[in-house]
Amino acid sequence: MVNDNQFSGEIPDIFSNLTRLYQLYMGNNQLSGRIPMSLATCQQLKKLGLAHSGLNGSIPKQIFELPNLYFLQLANNSLIGSLPDRFGDLRQLEVMDISGNQLSGNIPNISQRFSSLLSLNIARNKITGSIPKSLENLAALYSLDLSSNNLSGQIPKELENLHALQVLNLSFNSLEGEVLKNGVFANISWDSLQGNYRLCAFDHVAAERLKVTTCVSKRKSNSPLVLKVTIPISAFIVLGLLPRLSYSEIQLATNGFATKNLIGKGAFGSVYRAVFNTDVSSKNKNNNNNNIALRVEECVAEMVRVGLSCAASSSKDRFIIREALSKLQEIKRCFIGL
């Protein structure tokens, strides 16, 4: 062990003759250069600790092939490159910490079911792609940290099957979709998910607890789609500005609820921009004067803002009834003045 010294320079590639070496700790030094390839000849090596050592280059794939290695600590160096495919053949490893480097590429698939790995930390790298479903094969995993990478896509449901998992950190990635509910997710806290701005929860209480948005249902029935436009259409009806609209008319006016027409989301659904036929939007005014059209758009925009405020997730951002009615009366006068 030569931890916590001021050693500098490269680690000499002299391990070919140290065949009985069973542990090597050289962390917290001021080293440079690469991890020596000759370490792969140390078949008895059980513990390798090279954290905080200033090392660079890639991780030799042979490290993952050492038959007795169960502790691997390479955190906080300047290691680059992708994780080798042999990463998926974890064998007897119990602890792996490769966080705080500049590793890139995808997380390799875990090819078989392993019962040895207890802790896996890949945080603070440049890992991309999705979280592999095959992580389910790490049956004994207690702690998983994938935070501060560039991971995308949905959280795989297979993670719910990791019954030993107690510590999970997925923060500061680009994950999206619904936050899972079972397994480790039953008690997950908001700071383990923060920084993933496209995550959501269908349960309003869970959404507030985890500080994510409320999911918008994608079911095929008409009811959730009608909910998307309830607030702005209701406001039109209160003002007496529009006749009763059918679902097909609303769908046509929003171009099939196209994403480009999405104005915003609230606790009760989403608000879309809708363009109706001239006889509806102008209410019997058949001229196409651009100034009038612009004024109509301004009035509608103000009305949508009222709708979004009424649907805000936080009570402090919502209008009270008196404020909402007052705003709607102003909007009515806006339309009357056209």
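I began with a definition: two strands pair if DSSP finds at least two bridges between them. The model I consulted is predicted.

**Entry 1. The sheet**

I looked up the bridge partner of Glu176 and found Arg198, in strand 16. I then turned to the two strands, and noted that strand 15 and strand 16 pair in the parallel sense over 3 bridges. I recalled that strands of a sheet pair through backbone hydrogen bonds, either parallel or antiparallel.

I next asked which order the strands take in the open sheet. I read the order 9-11-13-15-16-17, which gives 6 strands with parallel pairing. I recorded strand 9 and strand 17 as the edge strands, since each pairs on one side only.

**Entry 2. The disulfide**

I asked how many disulfides the count comes to. I found 1 disulfide, and it joins Cys200 to Cys215, with an S to S distance of 2.0 Å. The cut-off for a disulfide is 2.5 Å between the cysteine sulfur atoms, so this pair qualifies. I noted Cys200 in strand 16 (residues 198–201) and Cys215 in the loop between strand 17 (213–214) and helix 2 (222–228). The two cysteines are 15 residues apart, and the pair links distant parts of the chain. I reminded myself that a disulfide is a covalent bond between the sulfur atoms of two cysteines.

I also looked up the handedness of this bond. The torsion about the S-S bond of Cys200 and Cys215 is about 95°, and therefore the disulfide is right-handed.

**Entry 3. Burial of the cysteines**

I asked whether Cys200 is buried or exposed. Cys200 is buried because its relative accessible area is 11%, and buried means under 20%. For Cys215 I read a relative accessible area of 11%, so Cys215 is buried. I looked up Cys42 as well, and recorded it as buried, with a relative accessible area of 0%.

**Entry 4. Ser192**

I located Ser192 in the loop between strand 15 (174–178) and strand 16. Ser192 counts as buried because its relative accessibility is 12%. I then asked which residues Ser192 touches, not counting those up to four places away in sequence. I listed Leu168, Asn169, Leu170 and Ser171.

**Entry 5. A nonpolar patch**

I turned last to the surface. I found a nonpolar patch of about 260 Å², made by Leu118, Tyr142 and Val167. I placed Leu118 in the loop between strand 9 (104–105) and strand 10 (119–121). Leu118 has a relative accessible area of 37%, so I entered it as partly exposed.

Technical notes
Residues are numbered from 1 along each chain as its sequence is written. This is a predicted model: local features need pLDDT of at least 70, side-chain atom pairs count only at pLDDT 80 or more; totals for chains, interfaces and linings use all residues. Side-chain values use heavy atoms; hydrogens and water are left out. Patches are made of residues with over 30% relative accessible area and no salt bridge: like charges are joined within 9 Å, nonpolar side chains (Val, Leu, Ile, Met, Phe, Trp, Tyr) within 5 Å. Accessible areas come from the Shrake-Rupley method with a 1.4 Å probe; for residues, only the protein chains shown count as cover. A salt bridge is a side-chain nitrogen of Lys or Arg within 4 Å of a carboxyl oxygen of Asp or Glu. Helices (H or I, at least four residues) and strands (E, at least two) are DSSP runs, numbered from the N terminus. Buried means under 20% relative accessible area, exposed over 50%, partly exposed in between (1.4 Å probe, protein chains only). Contact means heavy atoms within 4.5 Å.
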